[in-house]
Amino acid sequence: MTITAPTADARALGLAHYAARGVLERVLARHGTTFQQQIALRAAVTADAPQTPDDLVTQVRGSLKADPADIRATVDELLAKQLLVADGPHLRPTDAGRELIAAIGAETAPVTARIWGGIPAEDLAAAGRVLALVAERANAELAAPAA
């Protein structure tokens with residue numbers, strides 16, 4: 001009996017995204033961190049140079065397509081938790097912020113390995129190409145004036 005692989009579509013993409021995000025959210029909850037907080041903090045930790053609050057909001061918005069006011073509230077939460085600190089006009093991750101991102105990464109690494117392990121490299125490459133094209137097209141739709 002031959003099993004036909006499902007065709008990739010928006011539903012399949014959404015189901016995979018929410019399943020993977022659910023796994024991550026379980027880890028984040030153990031650390032008292034939200035998904036958006038983790039995205040913003042990771043952006044600050046991995047930035048090549050210190051960012052202003054506006055820089056960080058722009059970067060997170062580019063990733064999550066979230067409301068800038070919600071992202072600013074998230075940045076304020078990270079400052080209140082002392083995971084970020086204001087240094088003049090810039091934000092810098094604190095040692096606690098860096099440690100949190102490292103802990104989340106360490107905790108998710110074995111789960112990520114189980115989820116992605118065994119998928120042939122050529123399948124991952126094909127999926128990567130398709131997902132990049134879908135993101136490019138969706139971003140173009142978001143940039144176009146609303147119809």
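Let's start with Gln82, which is exposed, with a relative accessible area of 59%. That counts as exposed because the cut-off is over 50%. Keep in mind that you're looking at a predicted model. Overall, the protein chain has six helices and two strands, and 23% of its 147 residues count as buried.

**Two loop residues to look up**

- Gln82 sits in the loop between H4 and strand E1, which covers residues 84-87.
- Its backbone has a twist to check out: Gln82 isn't a glycine, yet its phi is positive, at about 60°.
- Lys65 is another residue with a positive phi, near 60°, and Lys65 isn't a glycine either.
- You'll find Lys65 in the loop between H3 and H4.
- Lys65 is partly exposed, with a relative accessible area of 40%.

**The overall layout**

- Walk along the protein chain from the N terminus and you'll meet the elements in the order α-α-α-α-β-β-α-α.
- The C-alpha trace spans about 65 × 45 × 25 Å along its principal axes.
- If you take contacts between residues at least 6 apart in sequence, 56% of them join residues at least 24 apart.

**The nonpolar core**

- The largest nonpolar core is made of 23 residues.
- Leu41, Leu56, Val60, Leu78, Leu84 and Ile104 are the ones with the most contacts inside this core.
- Five helices each supply at least two residues of the core: H1 (10-30), H2, H3 (53-64), H4 (68-80) and H5 (95-116).
- H2 gives the most to the core, with seven residues.
- Take a look at Leu56: leaving aside neighbours within four places in sequence, Leu56 is in contact with Ala40, Ala43, Ala44, Gln51, Val75, Leu84 and Leu91.

**A buried glutamine**

- Gln36 belongs to helix H2, which runs over residues 35-46.
- Gln36 has a relative accessible area of 18%, so it counts as buried, the cut-off being under 20%.
- Not counting residues up to four places away in sequence, Gln36 touches Leu64, Ala66, Asp70, Ile71 and Thr74.

**Surface and charge**

- The accessible surface of the protein chain adds up to about 9,800 Å², and 59% of that belongs to carbon and sulfur atoms.
- The protein chain carries 14 positive and 17 negative charges, and the mean positions of the two sets are 5 Å apart.

Note on methods:
Residues numbered from 1 in each chain as written. Predicted model: local features only at pLDDT ≥ 70, side-chain atom pairs only at ≥ 80, totals over all residues. Heavy atoms only, no water. Helix = DSSP H or I, 4+ residues; strand = E, 2+ residues; numbered from the N terminus. Buried < 20%, exposed > 50% of the residue type's maximum accessible area, 1.4 Å probe, protein only. Contact = heavy atoms within 4.5 Å. Areas by Shrake-Rupley, 256 points an atom, 1.4 Å probe, with all protein chains shown as cover. Lys, Arg positive; Asp, Glu negative; His and termini not counted. Charge placed at Lys NZ, Arg CZ, Asp CG, Glu CD. Core = buried A, V, L, I, M, F, W, Y, C linked by side-chain atoms within 4.5 Å.
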